Amino acid sequence: MDRSLSLITPTGRLTLGNHLGALRRFVAAADAASSPDDCFFGLSDLHALTTPQDLAVLRATVTETATLFLAAGLDPARATLFRQSRVPAHRELAYLLECTAYTGELNRMIQFKEKGRGVPSTRVSLYTYPALMAADILLYRPSVVPVGDDQRQHVEITRDLAIRFNHAYAPVFTVPEVVTPRAGARVMDLQTPTAKMSKSAATDAGVIRLLDPPDVVRRKVARAVTDSDVGPDAVHSSSEKPGVTNLLDILAACGGSADGITTYGALKSAVTEAVVTVLEPLQKSYAQLAADPAYVDSVFADGSARAREVTASVLADATAAMGL
Ligand code: ATP
Ligand code: MG
C-alpha cells in the first residue's frame, strides 16, 4: 500500500472545511491501512512560525488540534500521529534541501509573492519554507502525494528538488507523483462565498469551527450570505450563486438532502441540522479527550518517536550523499 502523509499547520482553530477536506479523509485512509506505518499525519508546528504568533495561542491551538485529530476518529493503532517539531529530521533535511534549491524557484512561490515579498519584516522562513515542506514529504518516501490545486506548486517544487538532488548526489529520494483527487468538498466562507473557508481567516463570522456549539453554528449559517433573488426556484437554480451553492455543497457533504427545499430559510435550517449532526459526535469525543491531555500527549509522543525512526535513514542517506 502507498503511504499517506499529510500535515496541518496550527495557525488557527480547525474549521468545517478542515474536517470535510482533510481530517475526514485522513480517517478513511487510516481505516483502510494495514499498519500505522502506512499513514503519517502531523501537526506542522514549524510552519506556523513563518509568521508571528502569540505563543500562548499557538500552544493552545496545538493542543486543541492534536485533540481534534483523535476526536475526529483517527486511531493511533492505524495511523502515526506526530508533531513536526519533535522530529528534528524535518529541519535538518530542510537545510540540505535549501542547499539544493535556487532562489529563482523560491521567488516564484505564490505564498511568498503574495504575503512576504517586499515587506522588510517578512521572516526568512516564509521564503525558505518550500524546502521544509519538501523535507516533510521526502522524509517519508510516499510515491504519491494527493493535494488540492492550491498545494500543487509545493509538490512540484518537491519533485524538482528530489530529481535535482538524486541527479547531483545519489538516488536518495523517491520522486513523488502529484495526484489531484476527484474534487472533494471545498467549503467556502459563509460571508465571502467566493473565498475558501480558512482557519486563519481575519474574521470569524463566515467560518464554522469544529468546536462551535450548535447555537453558534445556527447563528453563522443563518447569517450566511445568500443571493438576492427569492421565489420557488431560488434554491435550485444556483449555478451563478456562490452563497447558495456553498450551502448546498455543505449540506450534501454533511449527509443532508435539499429535496423539497424551496426557501433559503428552510435550506439554512437543513444545513444547520446536517452540520450539527456531523459535529456532535466529534465534540462529545473531544470533551472526553480534553479531560485527559496526558493521553493525547502520549499518542503524539509515541507517534513522533516512530516518525524519528522511519525518517532517520533517509536523513542519514541524504547527509552522506552530500559529502558530510
Ligand atoms: P490557513 O488559513 O492557515 O491556510 P486552512 O484552513 O487553509 O488554514 P491548511 O492548513 O492550509 O488549512 O490545510 C489543512 C487541510 O485542510 C488541507 O488538507 C486542506 O486541503 C484542507 N482544507 C483547508 N480549507 C479547506 C476548505 N475550506 N475546504 C476543504 N478542505 C480544506
Ligand atoms: Mg490553507
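Buried area is the accessible area, taken with a 1.4 Å probe, that two parts lose on being put together, summed over both. In this predicted model, the two parts are domain 1 and domain 2, and they bury about 1,900 Å² between them. Carbon and sulfur atoms account for 72% of that area.

**The two domains**

Domain 1 is made of two stretches, 4-184 and 293-321. Domain 2 covers 187-291. The C-alpha centres of domain 1 and domain 2 lie 29 Å apart. Where they touch, domain 1 supplies 23 residues and domain 2 supplies 22 residues.

**The interface**

Which residues of domain 1 lose the most area to domain 2? They are Arg13, Thr15 and Leu16. Together these three make up 29% of what the domain 1 side buries.

What holds for charge pairs and polar pairs across the boundary? The rule finds zero salt bridges between domain 1 and domain 2. Polar contacts do occur: six residue pairs are counted between the two domains, with both residues at pLDDT 80 or more.

Three helices each supply at least two residues of the domain 1 side: α1 (16-32), α3 (55-71) and α12 (293-321). Helix α1 gives the most, with seven residues. By type, the domain 1 side that touches domain 2 divides into twelve nonpolar, eight polar and three charged residues.

**Around ligand 1**

Ligand 1 has 15 residues around it. Thr11, Val187, Lys196, Lys199 and Ser200 come nearest. Three atom-to-atom distances to ligand 1 are listed here.

| Ligand 1 atom | Partner in the protein | Distance |
|---|---|---|
| nitrogen | glycine 17, polar backbone atom | 3.1 Å |
| nitrogen | valine 187, polar backbone atom | 2.7 Å |
| oxygen | lysine 199, N or O atom in the side chain | 2.7 Å |

Valine 187 thus appears twice: it is among the residues that come nearest to ligand 1, and a polar atom of its backbone is 2.7 Å from a ligand nitrogen. Lysine 199 is also among the nearest residues, but its listed partner is an oxygen atom of the ligand, met by the side chain.

**Salt bridges**

Side chains of opposite charge can pair when their charged atoms come close. The structure holds twelve salt bridges. One of them joins the side chains of arginine 306 and aspartate 37, at 2.5 Å from N to O. Arginine 306 sits in helix α12, while aspartate 37 is in the loop between α1 and β2 (39-43), so the pair ties together parts that are 269 residues apart in sequence.

Methods: Residues numbered from 1 in each chain as written. Chains lettered and ligands numbered in written order. Predicted model: local features only at pLDDT ≥ 70, side-chain atom pairs only at ≥ 80, totals over all residues. Heavy atoms only, no water. Domains from an automatic or database assignment. Contact = heavy atoms within 4.5 Å. Salt bridge = Lys/Arg side-chain N within 4 Å of Asp/Glu carboxyl O. Polar contact = N/O pair within 3.5 Å; in protein donor to acceptor, adjacent residues only side chain to side chain. Helix = DSSP H or I, 4+ residues; strand = E, 2+ residues; numbered from the N terminus. Nonpolar A, V, L, I, M, F, W, Y, C, P; charged D, E, K, R; others polar. Near = heavy atom within 4 Å.
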